Amino acid sequence: MRKLQAAGKPIEYFVYPDAEHGILRFEEKDDGERHVVSYEDGYFQQQVEWFRKQSGLQLLSQAAGQ
């Protein structure tokens, strides 16, 4: 990431403190087995917004007043 920053590339990262690497949230049962509860709240909307921004679609929507 430092090399990308040094090359002038924008870096964005998002932290989901209650999620694991796969952006999944788990509950642990009494026997120690883990059960998937959900994806982290807001993850998919954040992804859509990021892709729109990267593709330029966000700017088009703003110019159109949406």
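A contact here means heavy atoms within 4.5 Å. With that in hand, let us work through some exercises on this predicted model.

**Exercise 1. Overall layout**

Find how many helices and strands the protein chain has, and in what order its elements run.

Solution.
- Start with the count: three helices and two strands make up the protein chain's list of elements.
- Next, read from the N terminus, where the order is α-β-β-α-α.
- Now turn to contacts between residues at least 6 apart in sequence: 20% of these join residues at least 24 apart.
- Burial comes next: 11% of the 66 residues count as buried.
- Finish with the surface, where the protein chain exposes about 6,000 Å² and carbon and sulfur atoms supply 52% of that area.

**Exercise 2. A bridge between distant parts**

Identify the residue whose side chain meets that of Glu-12 in a salt bridge, and say where the two partners sit.

Solution.
- The cut-off for a salt bridge is a side-chain nitrogen of Lys or Arg within 4 Å of a carboxyl oxygen of Asp or Glu.
- Glu-12 and Lys-53 meet this rule at 3.1 Å, N to O.
- As for location, Glu-12 is in the loop between α1 (2–6) and β1 (24–28), whereas Lys-53 belongs to helix α2 (residues 43–55). The pair is 41 residues apart and links distant parts of the chain.
- To classify the partners, recall that partly exposed covers the range between the 20% limit for buried and the 50% limit for exposed.
- Glu-12 is partly exposed because its relative accessible area is 36%, and Lys-53 is partly exposed too, because its value is 43%.
- By the same rule, the model holds four salt bridges.

**Exercise 3. A small network**

Which residues are joined into one network by salt bridges that share partners? Build the answer one bridge at a time.

Solution.
- Begin with Arg-25 and Asp-18, which form a salt bridge with their closest N and O atoms 3.6 Å apart.
- Then add Glu-40, which forms a salt bridge with Arg-25 at 3.5 Å between the closest N and O atoms.
- Glu-40 lies in the loop between β2 (34–39) and α2, and Arg-25 in strand β1, so this pair ties together parts 15 residues apart in sequence.
- Put the bridges together: Asp-18, Arg-25 and Glu-40 form one network through shared partners.
- Now sort the members by exposure. Asp-18 counts as exposed because its relative accessibility is 51%. Arg-25, at 25%, is partly exposed. Glu-40 is buried, with a relative accessible area of 11%.

**Exercise 4. Two surface patches**

Name the residues that make the nonpolar surface patch, then those that gather in the patch of negative charge.

Solution.
- The nonpolar patch is made by Met-1, Tyr-13 and Val-15, and its area is about 410 Å².
- Take Met-1 as an example: it lies in the segment before α1 and counts as exposed at 61% relative accessibility.
- The negative patch gathers Glu-28, Asp-30, Asp-31 and Glu-33 on the surface.
- One of these, Asp-30, is found in the loop between β1 and β2. Asp-30 counts as exposed because its relative accessibility is 88%.

**Exercise 5. Buried or partly exposed?**

Decide whether Gln-46 is buried or exposed, whether Leu-4 is buried or partly exposed, and list what each touches, not counting residues up to four places away in sequence.

Solution.
- Gln-46 is found in helix α2. With a relative accessible area of 12%, Gln-46 falls on the buried side.
- Leaving out residues up to four places away in sequence, Gln-46 touches Phe-14 and Tyr-16.
- Leu-4 has its place in helix α1. Its relative accessible area of 45% makes Leu-4 partly exposed.
- Again leaving out residues up to four places away, Leu-4 touches Lys-9 and Ile-11.

**Exercise 6. A backbone angle to look up**

Find what value phi of Ile-23 is near, and where this residue lies.

Solution.
- Phi of Ile-23 is near 60 degrees, a positive value in a residue other than glycine.
- Ile-23 lies in the loop between α1 and β1.
- To classify Ile-23, use the limit for buried, which is under 20% relative accessible area. Ile-23 counts as buried because its relative accessibility is 16%.

Note on methods. Residues numbered from 1 in each chain as written. Predicted model: local features only at pLDDT ≥ 70, side-chain atom pairs only at ≥ 80, totals over all residues. Heavy atoms only, no water. Helix = DSSP H or I, 4+ residues; strand = E, 2+ residues; numbered from the N terminus. Buried < 20%, exposed > 50% of the residue type's maximum accessible area, 1.4 Å probe, protein only. Patch = residues over 30% accessible without salt bridge, like charges linked within 9 Å, V, L, I, M, F, W, Y side chains within 5 Å. Areas by Shrake-Rupley, 256 points an atom, 1.4 Å probe, with all protein chains shown as cover. Lys, Arg positive; Asp, Glu negative; His and termini not counted. Charge placed at Lys NZ, Arg CZ, Asp CG, Glu CD.
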